Structure formats: structure tokens, C-alpha cells
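Please open the structure in your viewer and keep the selection panel at hand. The tour below goes from stop to stop, saying what to select and what is there.

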Amino acid sequence: MYLLVSFAVGLLFGLGLIVSGMENPAKVLGFLDLAGAWDPSLALVMAGAIAVGALGFAVAGRRARSWLGLPMRLPAERPVDRRLVAGGLLFGAGWGLAGFCPGPAVVALGAGYWQAGVFVASMLVGMAVYEVAERLGARRALKPS
Amino acid sequence: MHVDWAQFTPWAALAGGILIGLASIAFALLLGRIAGISGILAGLLRPQKSDLGWRIAFVGGLLAAPFIYSLADTLPALQIDTSLPLLVAAGLLVGLGTRYGSGCTSGHGVCGLSRFSSRSLVATLTFMAAGFNTVFLLRHVFS
């Protein structure tokens, strides 16, 4: 049941990315190119998603359990820190290089574009590097100095 | 700045955005989680038996979307001009950055902003600014 729901939501998300045109890196780069011929579409994708999202999350935020009875795991508000900003800078730089962010890249991979495959594989390597770095950092922090 | 009216697709953008919003709130209301795609993918790298299934199912849904779409309509062709080395660099940066920053366009840009999270607002403004600057450098300085 949960698996089916998760699959259906992933599918709906992917269809939204295709309908909105955001699966296409050229369209994303058209938005990020403020100094060139600017395509504002991405702003409207976010506006549409946030308008719906704000309503839904207002309901979800007040619940202790989901409609299917699962515990709510929505992250608690935390302070802004250096890691958040540094991560955003790295992510944005990569986003601007190719016009791919994680969701559209996976959908484009599903559509059979090899470039998306290269991007997704590299992204997973980047994520794995983070995991390893974090684990090494945690080990160092545990050692008595 | 001048708007590229030929490329601007406001209605498709809004419609797709609404679908993305619906998917995000369905994920929260039904499964109690944030539909943050970078986080869902990263979780596949440190598999815990209990939550591997829904992660794979979600990614499977994303992968299946083009096929399902193609049953109803011709799939729009993508334009990808990025060279192989830049694709690799972009992937590495997005992978690292989304982990350090705890999220991407879906988790921060859609879900976080929908929840009025100040962290997500800062994250979104930061990655947008970095994206604007990267494209500016690539297209107008080093082109």
C-alpha cells in the first residue's frame, strides 16, 4: 500500500515536471539566464506548486499522524547555518552548469537521455562523497584529543 | 533583461506546478514525509531495510513518468547542450551541495517554501543566486 502510494506520488511529481517543461534543461537555463532572453516559466511553476503546497502543508502541519496512520516526519524549524548556505551555493553552481536538478534529471533519465544518466551517476557519487566525509568527520570528533 | 515571449509557457508552467504541489502535499498527508528528491535519492546510498522500499517506489514513479505521459501525448523533446565534463562536474556539485544544504528545488523550493521555513527561504535564495551567476559567467563572460 505505502509502496503503491509512493510510486503514484513519484509518478504525479514526474508528470508535473514534464507538463511544466522543467524536465528540459534548456528551459531551466532560460530562467537562470537573466541577462539573456529570459524565460520566466520556472517562477510560475514554483508559484503554482507553492500555492497548492501552502494549503496542504497547513493541514499536514497540524497532524501527528498521516492519513494512512504513519508518523509525521516533517522537519522542525532549525536556525540557518553555514552548511545550508555553502550547500546552496554548490548546488546552485551545479544547477547553472547543466540546468538539471535532481527531480528533472531522474525523469529525463526515464525518458532515455544518456546525458541525464551521466548527471545522475555523478550526483550519486557527490552524495556518496558527502556520506564518507561526514562519517570520517564523526569518527574524528569522537576521538579524544 | 528582456522576456523571451516565444519560450514563455505560463499556462503549462502553472498546470505543471499545481501537479508538483499536489504530489508534494499528497506525500506529506499520506506518508508523513517531505517529497525532497535529493534526500530520497541520498537515502538509497545508506540503505536501511525499513525505508528502502518507498524510496525505490518513488524514484520508480519518477522514472516511469515519461512512459506514462507518452501514452497520452507526444513526449516533448529535451535540449541538452552541456558537454560531458560539465555534466559530470554539475552532477558532483548538485550531489554534494544538496546534501550539505539538506535539500534541493523540491525539498526547499517547493515543500519548504510552502511551509514558510526560513531555512528553505535562505537555501532557495542562495541556490537561485548561485544559478543566476553561474549561467551569467558561462553565457556572457566565458562564452
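## A first pair of helices

In this predicted model, begin by selecting A:Met46, A:Ala49, A:Ile50, A:Gly53, A:Ala54 and A:Phe57 in helix 3 of chain A, which meet B:Gly109, B:Val110, B:Cys111, B:Leu113 and B:Ser114 in helix 5 of chain B. By class, this contact of helix 3 of chain A with helix 5 of chain B has 8 nonpolar residues, 3 polar ones and no charged ones.

Two packed helices are described by the angle between their axes and the distance between the axes. Now show the whole of helix 3 of chain A, residues 41-60, beside helix 5 of chain B, and you will find that they pack at an angle of about 40°, with their axes 7 Å apart. Angles under 35 degrees would count as roughly parallel and those from 65 to 115 as roughly perpendicular, and therefore helix 3 of chain A and helix 5 of chain B are described as oblique to each other. The crossing of helix 3 of chain A and helix 5 of chain B is right-handed.

## Chain B by itself

Next, hide chain A for a moment and colour chain B by secondary structure, which comes to 6 helices and 1 strand. If you follow chain B from the N terminus on, its elements run β-α-α-α-α-α-α. Turn the view to take in the extent of chain B, whose C-alpha atoms fill a box of roughly 50 × 40 × 35 Å along the principal axes. Of the 143 residues in chain B, 52% are buried. Among the contacts in chain B between residues at least 6 apart in sequence, 44% join residues at least 24 apart.

While chain B is alone on the screen, select B:Ser120, which is found in helix 6 of chain B. Is B:Ser120 buried or exposed? A residue counts as buried if 20 or more other C-beta atoms lie within 10 Å of its own, and B:Ser120, with 27 other C-beta atoms within 10 Å, is therefore buried. Leaving aside the neighbours within four places in sequence, add B:His108, B:Gly112 and B:Leu113 to the selection, since B:Ser120 is in contact with these residues. Then draw a distance from B:Ser120 to B:Leu84, which lies 36 residues away in sequence and 31 Å away in space, C-alpha to C-alpha.

## Where the two chains meet

Bring chain A back and select the residues on both sides of the interface: 102 residues of chain B are in contact with 106 residues of chain A. Which helix of chain B supplies the largest share of the side of chain B that touches chain A? The largest share, 21 residues, comes from helix 1 of chain B. By class, the side of chain B that touches chain A has 65 nonpolar, 30 polar and 7 charged residues.

Zoom in on strand 1 of chain A, residues 37-38, which is joined by 2 bridges to strand 1 of chain B, the two strands running parallel. Here you can select A:Trp38 and see that it stands opposite B:Val3 in strand 1 of chain B.

## Two more crossings

Select helix 6 of chain A with helix 4 of chain B, whose axes come within 7 Å and cross at roughly 40°, which makes helix 6 of chain A oblique to helix 4 of chain B. This crossing of helix 6 of chain A and helix 4 of chain B is right-handed, and the residues of the contact divide into 19 nonpolar, 5 polar and 1 charged.

Move on to helix 1 of chain A and helix 3 of chain B, whose axes come within 6 Å and cross at roughly 40°, so that helix 1 of chain A is oblique to helix 3 of chain B. The crossing of helix 1 of chain A and helix 3 of chain B is right-handed, and by class the contact has 19 nonpolar, 6 polar and no charged residues.

## Last stop: an enclosed helix

Finally, select helix 5 of chain A, residues 102-110, which is largely enclosed by the rest of the structure because 9 of its 9 residues are buried. The buried residues include A:Pro102, A:Val106 and A:Gly110. To see what surrounds them, show helix 1 and helix 6 of chain A together with helix 2, helix 3, helix 4 and helix 5 of chain B, against which the buried residues of helix 5 of chain A pack. Just after helix 5 of chain A, look for A:Gly112, which takes a positive phi of about 95°.

Definitions and conventions:
Residues numbered from 1 in each chain as written. Chains lettered and ligands numbered in written order. Predicted model: local features only at pLDDT ≥ 70, side-chain atom pairs only at ≥ 80, totals over all residues. Contact = placed C-beta atoms within 7 Å. Helix = DSSP H or I, 4+ residues; strand = E, 2+ residues; numbered from the N terminus. Nonpolar A, V, L, I, M, F, W, Y, C, P; charged D, E, K, R; others polar. Pairing = 2+ DSSP bridges. Buried ≥ 20, exposed ≤ 12 C-beta atoms within 10 Å, placed from the backbone. Axes fitted to C-alpha atoms, helices over the stretch in contact; angles between N-to-C directions. Parallel < 35°, antiparallel > 145°, perpendicular 65-115°, else oblique. Left-handed = near helix turned anticlockwise from the far one by under 90°.
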